[in-house]
Amino acid sequence: MLSYTAKRLGQTVFVLIGISLITFVLLQVVPGDPVALMLEKRADPETIAKIRHELGLDLPYHIQYYNFLKGAVRLDFGTSYFTKEVVSVALIRSFKVTVKLACMAFVFAAAIGIPCGIFSAVKRGKRIDSVVMVLSIIGVSAPAFWFAIILQIIFGLKLDILPISGFDGVSCYILPSVALGARYAGSMARITRTSMLEVMGQDYIRTAKAKGASRWSVIMKHALKNAMIPIVTLIGTDFGYMLTGSMLIEKVFSIPGIGKLAVDAMSNRDLPLLEGTVMYIAFVFVIVNLIVDLSYAFLDPRIRYGKGAA
Amino acid sequence: MGEKLLEVQGLKTWFHTDAGLSKAVNDVSFFVEKGKTLGIVGESGCGKSITSLSIMGLVQTPPGEIAGGKILFEGEDLLEKTEEEMRSIRGKKIAMIFQEPMTSLNPVFTIGQQLIETLMLHENLTKQQAREKGIEMLKLVKIPLAEKRFDEYPHQLSGGMRQRVMIAMALCCSPKLLICDEPTTALDVTIQAQILELINELKEQTGTSVMMITHDLGVIAEVADDVMVMYAGKVVEHATCDQIFEKPMHPYTYGLMNCIPKLDDDDTKELSVIEGMVPSFDDMPKGCAFCPRCPEAMDICREKMPKLSEAEGRMVRCFKYTEEWEESSHE
Ligand SMILES: Nc1ncnc2c1ncn2[C@@H]1O[C@H](COP(=O)(O)OP(=O)(O)OP(=O)(O)O)[C@@H](O)[C@H]1O
Ligand code: SF4
Ligand SMILES: [Mg+2]
């Protein structure tokens, strides 16, 4: 288990370096000169050159990459070209908002999706199974912003019980997290159902029944622990997506999270902010994947102890 | 005759499939005496497993349905029991070992956890006592390094070892009846012999009755007192082990008998196999289900289904041993 963890950690470092390189290259080739954008119409070639020099943009690419990497390791991506805010400070500020939203949306999605999936699998073929599956398809395919607006109209305007924008209290996050979580609840219900059905047909489930185990124990202990293995992969990735911020949901509810930060950085060609945001997103995915892999080992002894040992 | 522990009367287990009604077990009756072993033989698909799952109350409904009959265990009809009552019988009074040792243990729990679970379900033990008893059971089924194996996961054990674990798990609550559904089919020959010997030995020690399901008459010869031969969901011959090997009466039984290789056989002599296949439920012949493959079939066999009736001190389902046979051959 230790060597497995060490190996996965090693791979993670490698992946992060690769991503930083790709990010750097991509940002060099995006069209639009950030300096020209910054200075708008007042730009004369001399000033542009001066500012490019100040920002280090006139240095050879490998030096620029080296500087970028050196900063990135210390989480120092420089300051925003536009707001002059330190990038890491902006990231942390937005992250605090996004993480609240992501956690609430995730808890909502898992608390609805997983039990519904189990229930649906147990009631396979019954009417209630079809109802749950239709609802899950609606959840997966309805656009999040449409859902968000409906929620705002019902709970914000008509019933007037929940705020429709802002980000101070927990209550502000309820509607956004439901709107964001709905599609994940749907996909979690579906994967849980599929995975449970697959496991319920296995020989060891028959063995558990033959022992005299109760229906509850067969489902919640023998089946679920096996079914969790594919479920964890999906919900881990889902959580990763939520942590990278949802531009639409943040827009609709006026929440200044990572999504908004990314949009601002892109539309302004704000290179330091963009680099910081992209590296943050990459980092989130790599970490989430690492956690998913480690939890695999936790759930599946065949991985923990190496395959094929007789 | 000894006391009957289990008596199955006219059991009908049917499956409602998209292709129609499949009468997987169709009017099957038999009994198992205390301390005895009943062997059930027959080709794949003849309803052996469904018979045993019916006894355990583990037939999936739907698509399955127990359409009739009685399963008397210690005089009480299991088909009348509630799910709750069945749960206290399963694993405690009737235990079962399955065909697939590789997949019958739960991969995410240790051997020990799975043994302890069975013990805790049915016996009033503390966790520590259950652990001791579990290790004792592993020793009983001759698993080397029982203490170490106890905390290992199924994938760390070989197929033969896993089947031993299954046996330990089945026997840990001292069941009255042990149903073995092809316990050795998936194992290689030397391991097969060891497992059969183990089952025999444990049966002697504990006085448990055994239902040994197999498609291999060699296995029957090793362990059974009585033999029931099934074909297409019905019993075709039921006799003592000695009777069957001395003189198989049903044409299907001696067909099976010729499929066993004998050591003194000439190498060049080919093993005979029964021609043809088991009819599927949607083209079951009108008369004797075996007649399309039977070398001795006559007109009467195609018209009527023979009854299971007594002949030479055993039960056989074949016209050959009835008066009608004489009559029809004189026609
Ligand atoms: N779930 C099911 N749905 C429909 N038909 C079924 C189902 N399970 C079993 N059957 C039918 O019941 C018949 C008997 O099956 P069973 O498993 O008892 O055979 P078996 O004698 O144990 O064979 P094997 O030696 O292959 O284990 C099969 O022919 C099959 O068509
Ligand atoms: S009844 Fe006829 S067909 Fe059937 S087994 Fe006997 S002889 Fe063969
Ligand atoms: Mg079978």
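These questions and answers go through chain A and its contact with chain B in a predicted model.

Me: How many helices and how many strands are there in chain A?
Reply: Read along the sequence, the pattern of chain A is α-α-α-α-α-α-α-α-α-α-α-α-α-α. No β element appears in that pattern. The count for chain A is 14 helices and zero strands.

Me: What percentage of the residues of chain A count as buried?
Reply: A residue counts as buried when its relative accessible area is under 20%. Chain A has 310 residues. The buried part of them is 43%.

Me: Which atoms supply 70% of the area that chain A exposes?
Reply: Chain A exposes about 16,300 Å². The 70% share of that area comes from carbon and sulfur atoms.

Me: How far apart do the centres of the positive and negative side chains of chain A lie?
Reply: The two sets hold 32 positive and 20 negative side chains. Each set has its own centre, and the distance between the two centres is 15 Å.

Me: What area do chain A and chain B bury between them?
Reply: The contact takes 25 residues from chain A and 27 residues from chain B. Carbon and sulfur atoms hold 57% of the buried area. The area buried between the two chains is about 2,400 Å².

Me: Which side chain of chain B meets A:Arg206 in a salt bridge?
Reply: A:Arg206 is one of the three residues of chain A that lose the most area to chain B, with A:Ala210 and A:Lys211. The count between the chains is three salt bridges. In one of them, at 3.0 Å from N to O, the partner of A:Arg206 is B:Glu100.

Notes
Residues are numbered from 1 along each chain as its sequence is written. Chains are lettered from A and ligands numbered from 1 in the order in which they are written. This is a predicted model: local features need pLDDT of at least 70, side-chain atom pairs count only at pLDDT 80 or more; totals for chains, interfaces and linings use all residues. Side-chain values use heavy atoms; hydrogens and water are left out. Helices (H or I, at least four residues) and strands (E, at least two) are DSSP runs, numbered from the N terminus. Buried means under 20% relative accessible area, exposed over 50%, partly exposed in between (1.4 Å probe, protein chains only). Accessible areas come from the Shrake-Rupley method with a 1.4 Å probe; for residues, only the protein chains shown count as cover. Lys and Arg count as positive and Asp and Glu as negative; His and the chain ends are not counted. The place of a charge is taken as NZ of Lys, CZ of Arg, CG of Asp or CD of Glu. Contact means heavy atoms within 4.5 Å. Buried area is the accessible area (1.4 Å probe) that two parts lose on being put together, summed over both. A salt bridge is a side-chain nitrogen of Lys or Arg within 4 Å of a carboxyl oxygen of Asp or Glu.
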